[in-house]
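Open the model in your viewer and keep the selection tool ready. The tour makes three stops.

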Amino acid sequence: MKALVLAGGSGTRLRPITHTSAKQLVPVANKPVLFYGLEAIAAAGIRETGLVVGDTRAEIEAAVGDGSAFGLEVTYLHQEAPLGLAHGVLIARDYLGDDDFVMYLGDNFVVGGITGLVDRFAGARPAAQIMLTRVGDPGQFGVAELDAHGRVVGLEEKPASPKSDLALVGVYLFSPAVHEAVAELKPSWRGELEITDAIQWLLEAGLRVESSMISGYWKDTGNVADMLEVNRLVLEGLDADSRGRVDGASELIGRVRVEAGAVVERSRLVGPVIVGAGAVVRDSYVGPYTSIGAGCAVTRSEVEYSILMPRASIDGVGRIEQSLIGHDAEVTRAPDTPRAHRLVLGDHSKVQISS
């Protein structure tokens, strides 16, 4: 079995972060979300992995390399534009050959891995196997319809009137039969080749499609709120570990990890919190569910329930929470007078100002 990881999306819901960074490389607990998927693939015993990339290919290739760090053999497959999940399968046809494969969306996060799913597919070998979860807003997802016996009888992408609340999770397993289905597809109303249409084609051809309800936790990390929630979840499993330098005037409470080379001075950190290598926290408070990336600086400030990407700095700010701060970003206190806000914002930014 091979793996096909889709990492070519543009990440419009995470702008302005994704104007300059691949959405699959936004960190969760100081590790790119893409890496969790690659580790799950390797843990399932799969080695050959095709990584579909687009405009951010150089950045992703620099981060992943040849895949050996994950125990994988990675081949890069270039997608000129994000034209749908099934389009990713279409361009990978030669790479996949006649092998079974797992398709994993690079910005999805699945707790518990995929080993059990892969083993089940290998034993039963249906034409396709999908994972489902109940959601409150099924119209935002691919939706599956099951009959009274729990068999998949229909699928639809982002339907206006969903027939169920069962959304497809971003992990799929396919036999080579899916290639014939993909070759027959026409673009949907969204202008994309939909993987749900390909699976529907398999059903209508009389082939077997199996499903299972996800037993762990799943998130599509496509927006800031979901990124922060996944960061919270991963930090819940953090072990306390202090390898950096923490002075006697500082207090570490609960599960706080201070990586080697980090410095904490005259500060109070309440876990779960991770402070990346080379970061500095000085005269500050860092609250629960905060990830401070490598090389960051937090001075005379308060931060909670946030992600700071590498080399970001916060200085003299009373309190920041529920925030995603990008690479090399600087957040400072404005002069007390005159009382005004001075902003430099990228396209599609959202700012909330209380006064």
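Which residues does Glu-210 touch, not counting residues up to four places away in sequence? Select Glu-210 and show its surroundings. The list is Arg-120, Ala-124, Pro-126, Ala-128, Gln-129, Ile-130 and Val-152. This is a predicted model.

Now colour strand S12, residues 209–213; Glu-210 is found there. Is Glu-210 buried or exposed? Glu-210 counts as buried, because its relative accessibility is 18% and the cut-off for buried is under 20%.

Next, select helix H9, residues 224–236, and pick out Asn-231 within it. Asn-231 has a relative accessible area of 0%, so it is buried. Show side chains here. The side chain of Asn-231 makes a polar contact with the side chain of Ser-291, at 2.7 Å. Ser-291 is also one of the residues in contact with Asn-231 when neighbours within four places in sequence are left aside. Add the others to the selection: Val-28, Ala-29, Tyr-289, Thr-290, Ser-306 and Ile-307.

For the last stop, turn to the surface. Find strand S30 (330–332), then move into the segment after it to reach Leu-343. Leu-343 is partly exposed, with a relative accessible area of 48%. Which residues form a nonpolar patch on the surface with Leu-343? Select Leu-345, Val-351 and Ile-353 alongside it. Together, the four have about 350 Å² of accessible area.

To review the stops, toggle between buried Glu-210, buried Asn-231 and partly exposed Leu-343.

Terms used: Residues numbered from 1 in each chain as written. Predicted model: local features only at pLDDT ≥ 70, side-chain atom pairs only at ≥ 80, totals over all residues. Heavy atoms only, no water. Patch = residues over 30% accessible without salt bridge, like charges linked within 9 Å, V, L, I, M, F, W, Y side chains within 5 Å. Areas by Shrake-Rupley, 256 points an atom, 1.4 Å probe, with all protein chains shown as cover. Salt bridge = Lys/Arg side-chain N within 4 Å of Asp/Glu carboxyl O. Helix = DSSP H or I, 4+ residues; strand = E, 2+ residues; numbered from the N terminus. Buried < 20%, exposed > 50% of the residue type's maximum accessible area, 1.4 Å probe, protein only. Contact = heavy atoms within 4.5 Å. Polar contact = N/O pair within 3.5 Å; in protein donor to acceptor, adjacent residues only side chain to side chain.
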